[in-house]
Amino acid sequence: MFDIEELYERQFAIWPLARENYRRLADCDRMTVGVGGESIVVQYNPARIRSSAADISEDAIARRRCFLCAENRPQEQISLDCGEYEILVNPYPVFDRHLTIALKRHEDQRIVGRVRDMIGFAKELPDMTVFYNGPRSGASAPDHLHFQAVPSAPLPLWSHPSDWSPVKTIVVSGTDGDEVAQRIEGALWNLRHGEEPDVNLYVRSDRKGFIEAVIIPRKAHRPSCYGQSSGQALISPASVEMAGVIIAPREADFAACSDSQFIRKIYEDCGYSRCEIPEISERILSVGIVKAEKLDLRFHGAYSGPFSSGLSDRDISVRALPDGHIEFDGRTFGKEIIFSAAEPQSSFTIRDVMIGIGFHWQQHENQSFHGDLSLRWRDGMLQAVNLVPLETYLRSVVSSEMNAAAPEEFLKAHAVISRSWVLAQIEPPLKFPEDACRETPEETVRWYDHEAHTDFDVCADDHCQRYQGCTKASTPQVESALEATRGEVLAFGYDLCDARFSKCCGGKTELFSTCWQPVDPLYLPSIDDPYCGRASKEVLSTVLNNYDLVTDGYYRWTVTYTAEELRQIIKDRTGMDYGDILEIVPLHRGPSGRIDRLRIQGALKDRIIGKELEIRRTLSPSHLYSSAFTVESGAPDLGGVPRSWTFCGSGWGHGVGLCQIGAAVMAAEGHGYRDILNFYFPGTRLIKLY
């Protein structure tokens, strides 16, 4: 615990200004005004006019010296060293104990990544409330990160924080500091404007470690009555005011506050009513399952739609008609039919769905799905889209991407990154000047990403995340992993992480720009991964599904083609006849060795291709395991043409972000899911959205 009393004794002994201001505080006039069933305290405190009348415009901030920086503070002001922070006695107090907790370095007032710091201070100051004023929510020093701390007892907010009638509140509580921080940060993410939410945030902790936090979302920095002209008031609500203690720096302001309607209007201007902020809830996803001219379906249980009688438990055929209509069970409909599940256990089956499209494990299977079914006519084809709650979607993804009997800590990590990835795709995507495909007479550079889908959120195949509905049986481990991480996502700043993953990095993860857009998020560095190379058969048997177990030798692999085989593969995959292949030259590699620019020189054509996936698909009837390979040409024939080509490679997949095999080994070796996520996505933090 911090020795605050000693700090005050030392400070009062050498700083008459602070000592006198605290003495005068006891003589301040106060009154209590009833507002919406709450007892609001009004304090006449002329010394606080510095904060109430502070000019916080960008020009004013740029002109003045920061009064929280050590070099600009009065010589008499001392501090209590707390690592990154220092605790100061606030010389213009609102209560008999009023602290400022300032970051030692000059940094803008931003709460992102600092919630755990607030909780830490609240635990060290158990009788006090640590609060944060956003830069547009009452902070008089928006250019320097700081918190404040005051005694909890005088704040009316704490009488019933979850039912605080003046404004909308969001309350988070618990004994696990990490969990409370995740939930607070999730709420702040949902309230953000740009990178910073407009909020007042309060945190307190009792001596037994129970943490209680209140978030008050802000509509405006100052009320409509604010100003120095006649009839206006210098009342600038910050955390103290929003918690029920109005500070009036002028006598006229104090008198105006005797009118409860005047105070009510201040709260209405600066805060939100309960109905103005929607509750945070689980997202409904639209998942593209399959696109074909004709589909064979079977419904199980009750579904409502254009007609629903007699559909259950019988085979039904549906097809796209050339004129833009859909023929369903012998009847003709428009361009979309929606069937809504009447019960949670209702499901539908689509027969002969192709999975692993274009990859070496491509196959067909019947797949069943819970949730609603949308059948859409698109360009002469029929698109089947599953409308499903996010957590139901994840139950299938986690069971489809890896074996549902895998170690639970690995499944937790996968649940978090799968949830993070899909929500990051739904967020407005970043736009880059470069197109996803650049074609010139000499070069083809193409990448394949989420923007390929315009008719639904994500697809069900490996292009996005494997989603095979309830076909993949869940397990108690999966259910437990999902429940333990419900709503948790990875964040970097206030951005949701585009948490990529691949099967096996081959010993070193790759940069984002090697495979997709020309950017490299700081949370997706290339790192050495010692884990994936030591996966035993026992570990692999618990994490890989049957169709993945048939793939062997992917950590280090070799593929050899005859000259004619490679020539024909390249022709089939690109539609271009290069003639006899004379030379294959890697022009650029990422840190893991994955090639993103490759020159293929043939007798008839000489061309550069990229990026990673385009190279893999060009040099294989399906796809090479990865683009991290070396090229060896065989002995030439009499015409100087190599008779064979050998590619010696490492890894399976693009290699960006989490390595599934490596993460499974980490879990098997006793690492928790937070450790796994921190290893593959450094600098990120977990937040809880719902």
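This passage describes a predicted model of a protein chain, from its overall dimensions to several of its strands, helices and residues.

The protein chain has 690 residues, of which 54% count as buried. Its secondary structure consists of 19 helices and 38 strands. Taken along the principal axes, the C-alpha atoms fill a box of roughly 100 × 65 × 50 Å. The accessible surface comes to about 28300 Å², and carbon and sulfur atoms contribute 49% of this area. Among the contacts with a separation of 6 or more, 70% are between residues 24 or more positions apart. The chain carries 74 positive and 97 negative charges, and the mean positions of these two sets are 1 Å apart.

In the N-terminal numbering range, Cys-28 is found in the loop between α2 (16–25) and β1 (30–35). Cys-28 has a relative accessible area of 14%, and it is classed as buried because this value is under the 20% cut-off. When residues up to four places away in sequence are not counted, Cys-28 touches Gln-43, Tyr-44 and Asn-45. Between Cys-28 and Ser-347 there are 68 Å in space, C-alpha to C-alpha, and the two are 319 residues apart in sequence.

Strand β4 covers residues 85–89, and five of its five residues are buried, so the strand is largely enclosed by the rest of the structure. Both of its faces are covered. Tyr-85, Ile-87 and Val-89 lie on one side of β4, with Glu-86 and Leu-88 on the other. Strand β4 pairs with β3 (residues 79–82) in the antiparallel sense, over four bridges. Within this pairing, Asp-81 has Glu-86 of β4 as its bridge partner. The hairpin of β3 and β4 has two residues between the strands, and Gly-83 takes a positive phi near 75 degrees there. Strand β4 is also joined to β5 (residues 99–103) by five bridges, and these two strands run antiparallel. Here Leu-88 stands opposite Thr-100 in β5.

Further along the chain, three strands form an open sheet in the order β31-β36-β35, with antiparallel pairing. Strands β31 (556–562) and β35 (629–633) stand at the edges with a single partner strand each, so one side of each has no neighbour in the sheet. On average, and with direction ignored, neighbouring strands of this sheet are turned by 15 degrees against each other. Strand β36 comprises residues 644–650 and is joined to β35 by five bridges. Opposite Glu-632 stands Thr-646 in β36. Helix α16, formed by residues 563–574, lies across β31 and β36 and runs at about 95 degrees to β31.

Helix α18 spans residues 660–668. Eight of these nine residues are buried, so the helix is largely enclosed by the rest of the structure. The buried residues are Gln-660, Ile-661, Gly-662, Ala-663, Ala-664, Val-665, Met-666 and Ala-667. They pack against both helices and strands: the helices are α10 (390–401), α11 (408–426), α14 (537–543) and α19 (673–680), and the strands are β30 (501–502) and β37 (658–659). Following α18 is Gly-670, which has a positive phi near 105 degrees.

How values were computed. Residues are numbered from 1 along each chain as its sequence is written. This is a predicted model: local features need pLDDT of at least 70, side-chain atom pairs count only at pLDDT 80 or more; totals for chains, interfaces and linings use all residues. Side-chain values use heavy atoms; hydrogens and water are left out. Two strands pair if DSSP finds at least two bridges between them. Axes are lines fitted to C-alpha atoms, for helices over the stretch in contact, and angles run from 0 to 180 degrees between N-to-C directions. Contact means heavy atoms within 4.5 Å. Buried means under 20% relative accessible area, exposed over 50%, partly exposed in between (1.4 Å probe, protein chains only). Accessible areas come from the Shrake-Rupley method with a 1.4 Å probe; for residues, only the protein chains shown count as cover. Lys and Arg count as positive and Asp and Glu as negative; His and the chain ends are not counted. The place of a charge is taken as NZ of Lys, CZ of Arg, CG of Asp or CD of Glu.
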